[in-house]
Amino acid sequence: MEPGLSGSESERVMGSIVAGQAEEVSRDIQIGGEGIGPMICHLDMDSFFAAVEELDQPGLAGKPVLVGGVGARGVVASCNYQARRFGVHSAMPMSRAQRLCPEAVVLGPRHDRYRRVSAELMTILRDVTPLVEPVGLDEAFLDLTGSRRRLGLGSPFAVGRWLRQTVVAKLGLGCSVGIGRSKLVAKLASRMAKPRVEAGKVLPGNGVLAVTAAQEPAFLSPLSVRVLPGVGPATAARLEALGIRTLEELASAPEPILRRQLGRATATALIRLAAGRDDRPVRGDRAPRSVGHEETFPCDLYDRTLIEQRLVPMAEAVAAALEADARTARTISIKVRFADFRTITRSRSLHVGVATSREVALTAVALLRGVNLHGGVRLVGVSASGLVSTESGRQLALELWSLPGPPSGREEDALELSKLEAWTGVSAALSAVRAKFGQEAIGLASRL
Ligand SMILES: [Mg+2]
């Protein structure tokens, strides 16, 4: 058992939340999703190194397996649940583990192999969202806030179950998934979803645990302060001296007293975390900060009409990239390089995220309208930044424009465009696009 989670404690909390899960699924279906709050997922492979060894050597099935150093000071790096039945856990000296479980199969680690499996895992997760933050080889946080609608799976629990099944099917390895509004809750949830050992028996975990906002207080309150990041034995002892053992007690502790004991920053951070206030973002390093396309013309262009026409396919490419990542952009920029290599950029930030080629094109053309092109142009580019992966930005935009469905006729398009115009203030561009492309411009969004 992990520090800070006693068996009965986690079971009690999980029991009530699992019981609520079926109800939650039906409620989600009724209201069309759980709302637009953050949805953070923590996925953690179960006894990763040992599980990879079991996968590669079917003869190990059912046997206790220890992976780690076998020398005098060797330590258990990973052990399967059969070994945990004997009280073995990772980070234990190998000699002690072998005394506790003499029949265990002891294997030296094959780090190259684990790294390859880890790379496969991260590829699977990045197919779900670019917002994947790996933690070591066998864990990752995913920000699924912006992917929910695309995944079309309804409740957070359903999303977690699908994700777990996908990983298990593709890798042949077990994992546990926790979902919540924050990294803290997601990580605690995945831990509680794990298999566990009780009275010498391996009990399969729930595999997936989704904690909704409403369930959060009941989930967090009874947990030991030890579950919080940064609370080791020393801090826990100091808190205990103040009579604080659980997150509930910590969340309601008088801040001045805690500050004297732990220092200002730590006290504030811990009180916030204990109350479930954790706004640490998922850092998907591979997630692009912007997407853009640019083109160098074979010869310098002087005709504004031609230059504007070249912007449209670039805007479409940018919009396609946004759509592929389930993102919207708050800022559209253009870049113009003149015949003499002088280069300028112009940007416009919008109140709501944009994603369609029409929106990107209109904004880009409007920006270009403000640029004197007399010197001749050798390159133009369009880019989108301020990327937002949340669905909320897009939803807001859709509500504000209240699109009556897919654009089908000119009247609807005109309505949509006039609202867009009002929002982005691109009336000049709008008439330019209409004048130059006519039907083509109206069909821009439909062609997507
Ligand atoms: Mg793990």
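**A predicted model with two open sheets**

Helix α7, made up of residues 156–171, lies across three strands, β1, β7 (175–180) and β10, and runs at about 155° to β7. That picture, like everything below, comes from a predicted model. Averaged over the protein, pLDDT comes to 78, with 77% of the residues at 70 or more. In outline, the protein has 19 helices and 14 strands. Of its 448 residues, 42% count as buried. Among contacts with a separation of 6 or more, 67% link residues that sit 24 or more positions apart.

Two stretches call for some caution. Residues 19–34 keep a pLDDT under 50, and the model gives them 20 contacts beyond four places in sequence. Residues 390–448 also stay under 50, here with 72 contacts beyond four places in sequence.

Back to the strands under α7. β1, β7 and β10 belong to an open sheet of five strands, laid out in the order β5-β6-β1-β7-β10 with mixed pairing. At its edges sit β5 (132–135) and β10 (208–210), each of which pairs on one side only. From one strand to the next, the twist averages 15°. At the β5 end, β5 and β6 run antiparallel and are held by four bridges; one pair there sets Glu133 opposite Phe141 in β6. The two strands make a hairpin with three residues in between, and Gly136 in the turn takes a positive phi of about 65°. Moving one strand further in, β6 (residues 139–143) is joined to β1 (residues 40–45) by five bridges, again in the antiparallel sense. Ile40 has Asp143 of β6 as its bridge partner.

The residue after Ile40 leads into the interior. Cys41 is one of the residues that touch the most other members of the largest nonpolar core, a set of 71 residues; Leu43, Leu66, Leu142, Ile179, Ala189 and Leu250 are the others. Helix α8 (residues 183–192) gives this core its largest share, six residues. Domain 1 (49–110) and domain 2 (224–274) both contribute residues as well, so the core lies between them. Looking past its neighbours within four places in sequence, Cys41 is in contact with Phe141, Leu142, Leu144, Gly160, Leu163, Val177, Ile179 and Ala186. Apart from this core there is another, with 28 residues that include Leu322, Val336, Val365 and Leu387.

Helix α8 itself is mostly covered, with ten of its ten residues buried. The buried set takes in Lys183, Lys187 and Arg191 along with residues such as Leu184, Val185 and Ala186. Ala186 also turns up among the contacts of Cys41, and Ala189 is one of the core members with the most partners in the core.

A second open sheet has four strands in the order β11-β14-β12-β13, and here the pairing is antiparallel. Its edges are β11 (290–301) and β13 (343–354), and each pairs on one side only. The twist in this sheet averages 15° from one strand to the next. In the middle, β12 (residues 328–338) and β14 (residues 377–388) are antiparallel partners over ten bridges. Thr331 is matched there with Ser385 in β14.

A few loop residues are worth a look on their own. Phe341 sits in the loop between β12 and β13, where its phi is near 75°, a positive value in a residue other than glycine. Phe341 counts as exposed because 8 other C-beta atoms lie within 10 Å, and the cut-off for exposed is 12 or fewer. Ala199 is another non-glycine residue with a positive phi, in this case near 50°. Ala199 falls in the loop between β8 (196–198) and β9 (201–203), and with 7 C-beta neighbours inside 10 Å it counts as exposed.

Arg245, in the loop between α10 (233–241) and α11 (247–251), is partly exposed because it has 16 C-beta neighbours inside 10 Å. Arg245 and Val225 are 20 residues apart in sequence, yet their C-alpha atoms are 5.8 Å apart. Val225 is one of the contacts of Arg245 once neighbours within four places in sequence are set aside, together with Ser224 and Glu240.

Methods. Residues numbered from 1 in each chain as written. Predicted model: local features only at pLDDT ≥ 70, side-chain atom pairs only at ≥ 80, totals over all residues. Pairing = 2+ DSSP bridges. Axes fitted to C-alpha atoms, helices over the stretch in contact; angles between N-to-C directions. Contact = placed C-beta atoms within 7 Å. Buried ≥ 20, exposed ≤ 12 C-beta atoms within 10 Å, placed from the backbone. pLDDT = per-residue confidence, 0-100. Core = buried A, V, L, I, M, F, W, Y, C linked by C-beta atoms within 7 Å. Domains from an automatic or database assignment.
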